[in-house]
There are 2 protein chains.
Amino acid sequence: MRLLLVEDELEMAAALAAALGRYDMILDHAPTLDHAMAALANHVHDGIILDRQLPDGDGLSLIPRVRALKSGIPVIVLTARGAVDERVRGLDMGADDYLAKPFAVEELLARIRALMRRSPDIAPITARIGNLVFDFDGRQASVNGRILDLPRRELLVLEALARRQGRTVQRSTLEESVYGYDDEIQSNSLDAHVSRLRRKLSETSAGVEIHSIRGVGYLLRPSL
Amino acid sequence: MRLLLVEDELEMAAALAAALGRYDMILDHAPTLDHAMAALANHVHDGIILDRQLPDGDGLSLIPRVRALKSGIPVIVLTARGAVDERVRGLDMGADDYLAKPFAVEELLARIRALMRRSPDIAPITARIGNLVFDFDGRQASVNGRILDLPRRELLVLEALARRQGRTVQRSTLEESVYGYDDEIQSNSLDAHVSRLRRKLSETSAGVEIHSIRGVGYLLRPSL
DNA sequence: CGAGCAGGATTGCAGCAACGTTGCGGCGCC
DNA sequence: GGCGCCGCAACGTTGCTGCAATCCTGCTCG
């Protein structure tokens, strides 16, 4: 799960990134509307958390442009302006939810989960490959009903691979899904995660293998 | 090949997923009509396998909505109701095929293959030449659903040729797409890649050939 | 019509870049 | 303070890739 936060207050951004990180979500941060559009054009996000007061305009103005680009993506608007008519306006503009500051992080998380559940954009509920079942809603992988207890990074790797099961996932794409686009990574630690994942998948006879294609990326497929 | 199965019985779903998996098909599973619409909105499927008895309604009601979304996509209806007038009704509703339970998996597979053969190209992001399908989005080539495990350079050659399928690609153009502008190349290694590609394409009976035009370049076309 | 030639095809080989694996240390979290 | 995740780096391994030598094929020109 990868979300884009459009918010100019750095403290808020950092706090949310930390909170979402505990639920294995990747949060990309865009401080302005321009940054947000650039990020959306170049990356695949599952949802947007949008602040209204931004240096270069009202966050709501982003919504039509977002809809033009990726019509079904869920948008949650955050704002200090919490009056009823403001909410109505935000929702009429196309937002899927509207949350007034100050808010409890728990509530935001719950609303995100709810949106993702009923959102048309986060599609197939589960992926099955071999004996492996990946539950995108519950964000967990299981083999023959037994839940795999995977650390965060490995889970993100597997999720990204399962989302595009049977198709190659480019290395750069994978890095983005696991680390986010601004998070630097200057080692082969992605390979390390893949390696550990492979061991666990084979130890549990998941019936899947992570096949690597040199110079391109990886792909998840049933083992022969 | 990626199919969407709309079916509420989990056993059936698991069995079909296993059967199709053996033929290198990807099966996404949607247990309800709502899930199906969500999945269709966000993923590229090559066909739909639709059960009639679903928790939230008759599967047939999905067909008009599917047609509105992706008009040409093949739909196979599965049902326990096999009477003739039921079949007629299903087909009149727009289904491409109608199969009564219980059915043989082999028959279903054959009908899927038949439908795929005569259906127009669903996803504009793929090119089909002979039995070869090149997925420009996923950057991979497959023959009859089986993914070709090609190294980077060969994949680039094939991609460039598939982009201009049936037309000649100048040698210099090909070199550019394979090596980039600044990368120098002072040997016939491009020919070497073409040669290796040819071998793999014929070994997998891809039904395509790389024809060379002396002094000009190459072109990809179905073999005779 | 045949020899010569130029461009293309094929293949072995060696270098090296990409990938795999593992251990370590730091850091955060119970 | 113990435990486990994670980034990192070192080192082993694989197999892609550029190169060149050799063979093949079609074109040209006398």
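Me: How far does a polar side-chain atom of A:Asn188 lie from a base nitrogen of DNA strand D?

Reply: The model is predicted, so that local features need pLDDT of at least 70 and side-chain atom pairs count only at pLDDT 80 or more, while totals for chains, interfaces and linings use all residues, and side-chain values use heavy atoms, with hydrogens and water left out. Residues are numbered from 1 along each chain as its sequence is written, and chains are lettered from A and ligands numbered from 1 in the order in which they are written. A polar contact is a pair of N or O atoms within 3.5 Å (within protein, one must be able to donate a hydrogen and the other to accept it, and residues adjacent in sequence count only if both atoms are side-chain atoms). For A:Asn188 and the base nitrogen of DNA strand D, the distance is 2.9 Å.

Me: Which elements give two or more residues to the surface near DNA strand D?

Reply: Elements here are DSSP runs, numbered from the N terminus, with helices being H or I over at least four residues and strands being E over at least two. A residue is near a strand of DNA if one of its heavy atoms lies within 4 Å of it, and 26 residues surround DNA strand D, the closest being A:Arg153, A:His193, A:Arg214, B:Arg153 and B:His193. A phosphate oxygen of DNA strand D is 2.9 Å from an N or O atom in the side chain of B:Arg153. The elements that give two or more residues are, in both chain A and chain B, α6 and α8.

Me: What share of the atoms of DNA strand C within 4 Å of the protein do sugar and phosphate account for?

Reply: DNA strand C has 21 residues around it, of which A:Asn188, A:Arg198, A:Tyr218, B:Asn188 and B:Tyr218 come nearest. Sugar and phosphate account for a share of the strand's atoms within 4 Å of the protein that comes to 60%.

Me: Which element gives the most residues to the surface near DNA strand C?

Reply: Base atoms of this strand are met by A:Asn188, with a side-chain N or O atom 2.8 Å from a base oxygen, and by A:Arg214, with a polar side-chain atom 3.1 Å from a base nitrogen. Two or more residues come from α8 (189-203) of chain A and from α8 (189-203) of chain B. The largest contribution, five residues, is that of α8(A).

Me: How many charged residues does the surface near DNA strand C have?

Reply: Ala, Val, Leu, Ile, Met, Phe, Trp, Tyr, Cys and Pro count as nonpolar, Asp, Glu, Lys and Arg as charged, and the others, Gly among them, as polar. By class, this surface has four nonpolar and eight polar residues, and its charged residues number nine.

Me: Which element gives the largest share of the largest nonpolar core?

Reply: A nonpolar core is a set of buried Ala, Val, Leu, Ile, Met, Phe, Trp, Tyr and Cys residues joined through side-chain atoms within 4.5 Å, where buried means under 20% relative accessible area, with exposed over 50% and partly exposed in between (1.4 Å probe, protein chains only). The largest core has 32 residues, and those touching the most other members include B:Leu132 and B:Leu158. Among the elements giving two or more residues are β9 (132-135) and α7 (171-179) of chain B. The largest share, seven residues, comes from α6(B).

Me: What percentage of the residues of chain A count as buried?

Reply: Chain A has eight helices and 14 strands. Of its 224 residues, the buried ones make up 50%.
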